[in-house]
Amino acid sequence: MPSRLVDGDAVWASDKLARCPEEARADYVWLLPLADAYGNFELTNLRVVHGRVAAIRPSFSLSDLESRFQTYGDFGLLFVWESGGKRFGHWVGIENGRLPRP
């Protein structure tokens with residue numbers, strides 16, 4: 001998984017994120033690093049995703065993760081699609097890659 005810098009100004013000023021329930025806002029930044037440089041990541045097996053993001057957050061359940069992804073989709077922050085029997089997610093707004101230059 002790539003290292004990622006989060007654009008604080010973009011997060012803090014996001015109208016889409018501001019419309020999300022408060023409990024989902026901080027988790028958005030926590031889940032962003034799931035994606036590659038272009039904002040894409042696999043969602044086929046949510047138990048695997050949960051194992052990665054909740055290793056040090058024992059109170060963050062699989063149900064919480066499912067709920068967050070649903071919320072981000074509902075509020076236009078996450079686009080989800082299926083291809084070849086797999087499920088993928090794309091963080092909207094990371095089309096150009098937002099990694100620091102080498």
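Trp-81 is partly exposed in this predicted model, its relative accessible area being 29%. Phe-88 is likewise described as partly exposed, with a value of 22%. Both residues fall in this class because buried is reserved for values under 20% and exposed for values over 50%.

The rings of these two residues belong together. A pair of aromatic rings is described by the distance of the centres and the angle of the planes. For Trp-81 and Phe-88 the centres lie 5.5 Å apart and the planes differ by 25 degrees. The pair counts as stacked because planes under 30 degrees apart are placed in that class.

Across the whole structure, a search finds eight aromatic pairs. One of them joins Tyr-72 and Trp-91, at 5.8 Å centre to centre and with 65 degrees between the planes, an edge-to-face arrangement. This pair links distant parts of the chain: Tyr-72 belongs to helix H5 (residues 62-74), whereas Trp-91 belongs to strand S3 (residues 86-91), and the two are 19 residues apart. Tyr-72 counts as buried, at 0% relative accessibility, and Trp-91 is also buried, with a relative accessible area of 0%. Ring pairs further connect Tyr-72 and Trp-91 with Tyr-28, Phe-41 and Phe-69 in a cluster.

Two members of that cluster, Tyr-72 and Phe-69, also take part in the packing of H5 against helix H3. Two packed helices are described by the angle between their axes and the distance between the axes. Helix H3 (residues 22-31) meets H5 at an angle of about 95 degrees, and the axes are 10 Å apart. The two helices are therefore roughly perpendicular to each other. On the H3 side, the contact is made by Glu-23, Ala-24, Asp-27, Tyr-28 and Leu-31; on the H5 side, by Leu-65, Arg-68, Phe-69, Thr-71 and Tyr-72.

Leu-65 leads on to another set of contacts, those of His-50. His-50 is located in helix H4 (residues 46-53). Leaving aside residues up to four places away in sequence, His-50 touches Ala-55, Phe-60, Ser-61, Leu-62 and Leu-65. With Leu-62 there is a polar approach as well: the His-50 side chain reaches the backbone nitrogen of that residue at 3.3 Å.

Phe-60, one of the residues touched by His-50, also has a charged partner. Arg-57 lies over the face of the Phe-60 ring, at 4.5 Å from the ring centre. The charged end of Arg-57 sits over the ring of Trp-30 too, 5.2 Å from its centre.

Note on methods
Residues numbered from 1 in each chain as written. Predicted model: local features only at pLDDT ≥ 70, side-chain atom pairs only at ≥ 80, totals over all residues. Heavy atoms only, no water. Phe/Tyr/Trp six-rings, centres within 6.5 Å; stacked < 30°, edge-to-face > 60°. Helix = DSSP H or I, 4+ residues; strand = E, 2+ residues; numbered from the N terminus. Buried < 20%, exposed > 50% of the residue type's maximum accessible area, 1.4 Å probe, protein only. Lys NZ or Arg CZ within 6 Å of the ring centre and 35° of its normal. Polar contact = N/O pair within 3.5 Å; in protein donor to acceptor, adjacent residues only side chain to side chain. Contact = heavy atoms within 4.5 Å. Axes fitted to C-alpha atoms, helices over the stretch in contact; angles between N-to-C directions. Parallel < 35°, antiparallel > 145°, perpendicular 65-115°, else oblique.
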